[in-house]
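Q: Please take a close look at one helix of this protein and at how its residues are arranged. I would also welcome an account of the surroundings in which that helix is placed.

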Amino acid sequence: MKRLLFLATLLGATPLAAQSPAVDTTGAGALISQAMDRSQVMENLQHLADAIGPRLTGSAAMRLANDWTAAQFRAYGLTASLEEYPFGVTWERGPLQVRLTAPYPRQVNAWSWAWTAGTDGKT
(Lines give C-alpha, C1' and ligand atoms only; values in the text may rest on other atoms or scores of the structure.)
Protein backbone atom coordinates (compact mmCIF):
# COMPACT_ATOMS: atom_id res chain seq x y z
CA MET A 1 0.00 0.00 0.00
CA LYS A 2 2.85 2.37 0.82
CA ARG A 3 4.41 1.71 -2.60
CA LEU A 4 1.14 2.48 -4.37
CA LEU A 5 0.71 5.72 -2.42
CA PHE A 6 4.31 6.72 -3.16
CA LEU A 7 3.84 5.99 -6.88
CA ALA A 8 0.59 7.98 -7.02
CA THR A 9 2.26 10.91 -5.26
CA LEU A 10 5.24 10.77 -7.60
CA LEU A 11 3.08 10.70 -10.72
CA GLY A 12 0.85 13.47 -9.43
CA ALA A 13 3.80 15.70 -8.63
CA THR A 14 5.39 15.41 -12.06
CA PRO A 15 3.54 17.28 -14.82
CA LEU A 16 3.61 15.22 -18.02
CA ALA A 17 3.53 18.27 -20.29
CA ALA A 18 6.88 19.41 -18.94
CA GLN A 19 8.48 16.08 -19.85
CA SER A 20 7.85 16.05 -23.59
CA PRO A 21 9.10 18.72 -26.01
CA ALA A 22 6.79 20.26 -28.57
CA VAL A 23 6.37 18.12 -31.68
CA ASP A 24 7.35 19.75 -34.96
CA THR A 25 4.66 18.87 -37.51
CA THR A 26 6.15 20.98 -40.31
CA GLY A 27 6.17 18.88 -43.43
CA ALA A 28 3.71 16.29 -42.13
CA GLY A 29 1.27 17.18 -44.90
CA ALA A 30 3.95 16.59 -47.54
CA LEU A 31 4.77 13.19 -46.05
CA ILE A 32 1.12 12.20 -45.91
CA SER A 33 0.67 13.33 -49.52
CA GLN A 34 3.65 11.23 -50.63
CA ALA A 35 2.30 8.17 -48.81
CA MET A 36 -1.27 8.52 -50.06
CA ASP A 37 -0.73 9.80 -53.62
CA ARG A 38 2.65 8.49 -54.82
CA SER A 39 3.35 5.38 -52.78
CA GLN A 40 5.04 2.49 -54.55
CA VAL A 41 4.82 0.13 -51.58
CA MET A 42 2.39 -2.31 -53.18
CA GLU A 43 4.29 -2.43 -56.49
CA ASN A 44 7.57 -3.08 -54.66
CA LEU A 45 5.98 -5.71 -52.44
CA GLN A 46 4.40 -7.41 -55.44
CA HIS A 47 7.75 -7.56 -57.24
CA LEU A 48 9.56 -8.97 -54.21
CA ALA A 49 6.84 -11.51 -53.43
CA ASP A 50 5.73 -12.58 -56.92
CA ALA A 51 8.64 -11.96 -59.29
CA ILE A 52 11.51 -12.83 -56.92
CA GLY A 53 9.60 -15.04 -54.51
CA PRO A 54 10.85 -16.83 -51.38
CA ARG A 55 14.36 -15.84 -50.36
CA LEU A 56 16.20 -17.57 -47.56
CA THR A 57 19.32 -15.93 -46.23
CA GLY A 58 22.30 -16.87 -48.36
CA SER A 59 20.21 -18.06 -51.31
CA ALA A 60 20.47 -16.87 -54.90
CA ALA A 61 16.96 -15.41 -54.61
CA MET A 62 18.06 -13.37 -51.58
CA ARG A 63 20.97 -11.94 -53.57
CA LEU A 64 18.59 -11.06 -56.42
CA ALA A 65 16.23 -9.34 -53.95
CA ASN A 66 19.12 -7.43 -52.35
CA ASP A 67 20.42 -6.23 -55.73
CA TRP A 68 16.92 -5.22 -56.87
CA THR A 69 16.22 -3.34 -53.61
CA ALA A 70 19.53 -1.48 -53.76
CA ALA A 71 18.78 -0.50 -57.37
CA GLN A 72 15.32 0.76 -56.33
CA PHE A 73 16.86 2.84 -53.53
CA ARG A 74 19.31 4.36 -56.01
CA ALA A 75 16.44 5.11 -58.42
CA TYR A 76 14.76 7.00 -55.55
CA GLY A 77 17.91 9.09 -55.18
CA LEU A 78 19.18 7.34 -52.05
CA THR A 79 22.63 5.96 -51.39
CA ALA A 80 22.61 2.16 -51.20
CA SER A 81 25.35 -0.41 -50.92
CA LEU A 82 25.42 -4.12 -50.14
CA GLU A 83 27.73 -5.38 -47.42
CA GLU A 84 28.90 -8.94 -46.91
CA TYR A 85 28.56 -10.67 -43.57
CA PRO A 86 29.46 -14.17 -42.42
CA PHE A 87 26.42 -16.40 -42.23
CA GLY A 88 27.46 -20.03 -42.35
CA VAL A 89 25.85 -22.62 -44.58
CA THR A 90 23.88 -21.29 -47.54
CA TRP A 91 20.77 -23.27 -48.23
CA GLU A 92 18.08 -23.85 -50.80
CA ARG A 93 15.28 -26.39 -50.50
CA GLY A 94 15.83 -29.37 -52.76
CA PRO A 95 14.40 -32.85 -53.09
CA LEU A 96 14.29 -34.90 -49.92
CA GLN A 97 13.58 -38.60 -49.58
CA VAL A 98 13.31 -40.49 -46.31
CA ARG A 99 12.74 -44.23 -46.32
CA LEU A 100 12.52 -46.58 -43.36
CA THR A 101 14.05 -49.97 -44.05
CA ALA A 102 13.23 -51.82 -40.83
CA PRO A 103 11.18 -53.27 -39.29
CA TYR A 104 8.81 -52.45 -42.20
CA PRO A 105 9.96 -50.62 -45.33
CA ARG A 106 8.00 -47.43 -45.98
CA GLN A 107 8.31 -43.89 -47.29
CA VAL A 108 8.18 -41.11 -44.70
CA ASN A 109 7.12 -37.50 -45.27
CA ALA A 110 9.96 -35.22 -44.20
CA TRP A 111 11.15 -31.67 -44.57
CA SER A 112 14.69 -30.42 -44.30
CA TRP A 113 15.70 -27.76 -41.79
CA ALA A 114 16.82 -24.46 -43.24
CA TRP A 115 20.53 -23.62 -43.19
CA THR A 116 21.75 -27.10 -42.27
CA ALA A 117 24.52 -28.78 -44.18
CA GLY A 118 23.55 -31.67 -46.41
CA THR A 119 24.69 -35.24 -45.91
CA ASP A 120 26.33 -35.60 -49.35
CA GLY A 121 24.29 -38.77 -49.81
CA LYS A 122 25.44 -40.42 -46.58
CA THR A 123 22.80 -42.40 -44.71
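A: The following account takes helix H3 as its subject and then turns to its surroundings.

The model is a predicted one. The protein contains 4 helices and 2 strands, and from the N terminus on these elements follow the order α-α-α-α-β-β. Of its 123 residues, 8% are buried. The accessible surface amounts to about 11200 Å², and carbon and sulfur atoms account for 61% of that area. Among contacts between residues at least 6 apart in sequence, 34% connect residues at least 24 apart.

Helix H3 covers residues 41-52. Its length can be checked against the expected geometry: with 12 residues at 1.5 Å a residue, the helix should span 16 Å, and the C-alpha atoms at its ends are indeed 16 Å apart, so the two values agree. Just after H3 comes Gly53, which adopts a positive phi of about 80°.

The buried residues of H3 are Asn44, Leu48 and Ile52. These residues lie on the same side of H3, because the arc they cover around the axis is only 40°. The spacing reflects a general property: an α-helix has 3.6 residues a turn, so residues three or four places apart point the same way. The buried residues of H3 pack against H4. On the face turned away from this buried side, H3 carries the exposed residues Met42 and Asp50.

Met42 also belongs to a nonpolar surface patch of about 310 Å², which it makes together with Val41 and Leu45. Leu45 is itself located in helix H3. With a relative accessibility of 46%, Leu45 falls into the partly exposed class, since that class ends at 50%, above which a residue counts as exposed.

The packing partner, helix H4, spans residues 60-75, and salt bridges are found there. The structure holds 2 of them. In one, Arg63 pairs with Asp67, with the closest N and O atoms 3.4 Å apart. Arg63 and Asp67 are 4 residues apart in helix H4, and therefore about one helical turn separates them. Both partners are partly exposed: Arg63 has a relative accessible area of 42%, and Asp67 has one of 34%.

In the other salt bridge, Glu84 pairs with Arg63, and here the closest N and O atoms are 3.4 Å apart. Glu84 lies in the loop between H4 and strand S1 (98-100), whereas Arg63 is in helix H4, so this pair ties together parts that are 21 residues apart in sequence. Glu84 counts as exposed, because its relative accessibility is 71%. Through shared partners, the salt bridges join Arg63, Asp67 and Glu84 into one network.

Beyond that loop, the chain reaches the strands. Arg106 is placed in strand S2, which comprises residues 106-108. Apart from neighbours within four places in sequence, Arg106 is in contact with Val98, Arg99 and Leu100. Its relative accessibility of 46% makes Arg106 partly exposed.

In summary, H3 has its buried residues Asn44, Leu48 and Ile52 on the same side, and these pack against H4. The face turned away from that side bears Met42 and Asp50. Helix H4 in turn contains Arg63, whose salt bridge with Glu84 connects the helix to the loop that leads to strand S1.

How values were computed. Residues are numbered from 1 along each chain as its sequence is written. This is a predicted model: local features need pLDDT of at least 70, side-chain atom pairs count only at pLDDT 80 or more; totals for chains, interfaces and linings use all residues. Side-chain values use heavy atoms; hydrogens and water are left out. Buried means under 20% relative accessible area, exposed over 50%, partly exposed in between (1.4 Å probe, protein chains only). Contact means heavy atoms within 4.5 Å. A salt bridge is a side-chain nitrogen of Lys or Arg within 4 Å of a carboxyl oxygen of Asp or Glu. The expected span of a helix is 1.5 Å times one less than its number of residues. The arc is that of the directions from the helix axis to the C-beta atoms. Patches are made of residues with over 30% relative accessible area and no salt bridge: like charges are joined within 9 Å, nonpolar side chains (Val, Leu, Ile, Met, Phe, Trp, Tyr) within 5 Å. Accessible areas come from the Shrake-Rupley method with a 1.4 Å probe; for residues, only the protein chains shown count as cover.
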